[in-house]
Amino acid sequence: DVEKTVLDCGAGGPRPPLTIFKEHGFATQGIELSDKSLKSARNFEEEHNLDLNIIKGDMRKLPFEDNSFGVVYTYNTIFHMVKTDVNIAIEEMVRVLKLGGLMYINILSTKSDEMNEGEDIGNNEIKQEERGEMVIHSYYDENELDPFLASLKVTVYRKTITLTKMSHNNTIYNSAYIEYVLKKE
């Protein structure tokens, strides 16, 4: 049984996923770096009379005590940093996760078609246009992150690779993600 406290790292946007947790009785907390995404989330909270507790902050320096949450996750966010920063953010997420708690992360796979577009800055880290801005996208080989995760004393509860057909500028391409559900030992 997981404690019903949840932290979303990258919690902003027009439809915060924390809403689902709130509806199921979780105490919610979110952290968001982007002012624009934070504003969207706050507008959503106001429109729906919700308080999801989303604050401005950086997932690489979480302002929470060790072992604070039963569930910690990041969805479509963590790979918008270089890999050394991704590792720091994952360490922070594990730090605030309670023993026996569950963590979800998804990262971009090198099997994604879009990996070949943009400015390669090394180590499968690519600057690409996203919503009119140049954004870093870090792409991972299938097992690249596994040794790092093992060093953090988390068990890979489930790992899947998901291929999704996407459409952008009238072009259809395959987007691939590696998804992890981890349990803190």
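Here is a short walk through this predicted model, from the overall fold down to single residues.

Let's start with the architecture. The chain contains four helices and 10 strands. Reading from the N terminus, the elements come in the order β-α-β-α-β-β-α-β-β-β-β-α-β-β. If you trace the C-alpha atoms along the principal axes, the chain spans about 40 × 40 × 25 Å. A compact globule of 185 residues would have a radius of gyration near 16 Å, and the chain has 16 Å, so the two agree.

The contacts and the surface fill in that picture. Among contacts with a separation of 6 or more, 63% join residues that are 24 or more positions apart. Of the 185 residues, 44% count as buried. The accessible surface amounts to about 10100 Å², and carbon and sulfur atoms supply 49% of that area. As for charge, the chain carries 21 positive and 31 negative charges, and the mean positions of these two groups are 3 Å apart.

Now let's look at the aromatic residues. The structure holds five aromatic pairs. One of them joins Phe-64 and Phe-69 in an edge-to-face arrangement, with 5.2 Å from centre to centre and 90° between the planes. Both Phe-64 and Phe-69 are buried. Another pair, Tyr-75 with Tyr-104, is tilted, with 6.4 Å from centre to centre and 35° between the planes. This second pair links distant parts of the chain: Tyr-75 sits in the loop between β4 (69-74) and α3 (83-96), while Tyr-104 belongs to strand β5 (residues 97-109), 29 residues apart. The two partners also fall into separate accessibility classes. Tyr-75 counts as partly exposed because its relative accessibility is 46%, whereas Tyr-104, at 18%, counts as buried because the cut-off for that class is under 20%. Elsewhere, Phe-21, Phe-26 and Tyr-73 come together as one aromatic cluster.

Tyr-73 and Tyr-104 turn up again when we look around Met-93. Where does Met-93 lie? Its place is in helix α3. Met-93 has 0% relative accessibility, so it counts as buried. What is Met-93 in contact with, once its neighbours within four places in sequence are left aside? The list is Cys-9, Leu-62, Val-72, Tyr-73, Thr-74, Ile-78, Met-103, Tyr-104 and Ile-105. Thr-110 gives a useful sense of distance here: Met-93 and Thr-110 are 17 residues apart along the chain, and 24 Å separates their C-alpha atoms.

Finally, two asparagines deserve a look for their backbone angles. Asn-67 has a phi near 55°, a positive value in a residue other than glycine. You will find Asn-67 in the loop between β3 (54-56) and β4, and its relative accessible area of 37% means that it is partly exposed. Asn-124 is not a glycine either, yet its phi is positive, at about 60°. Asn-124 is placed in the loop between β6 (119-120) and β7 (125-130). With 23% relative accessibility, Asn-124 counts as partly exposed; the buried class would require a value under 20%.

How values were computed:
Residues are numbered from 1 along each chain as its sequence is written. This is a predicted model: local features need pLDDT of at least 70, side-chain atom pairs count only at pLDDT 80 or more; totals for chains, interfaces and linings use all residues. Side-chain values use heavy atoms; hydrogens and water are left out. Helices (H or I, at least four residues) and strands (E, at least two) are DSSP runs, numbered from the N terminus. The radius of gyration is taken over C-alpha atoms; the globule rule is 2.2 Å times the number of residues to the power 0.38. Buried means under 20% relative accessible area, exposed over 50%, partly exposed in between (1.4 Å probe, protein chains only). Contact means heavy atoms within 4.5 Å. Accessible areas come from the Shrake-Rupley method with a 1.4 Å probe; for residues, only the protein chains shown count as cover. Lys and Arg count as positive and Asp and Glu as negative; His and the chain ends are not counted. The place of a charge is taken as NZ of Lys, CZ of Arg, CG of Asp or CD of Glu. Rings of Phe, Tyr and Trp (its six-membered ring) pair if their centres lie within 6.5 Å; planes under 30 degrees apart count as stacked, over 60 as edge-to-face and the rest as tilted.
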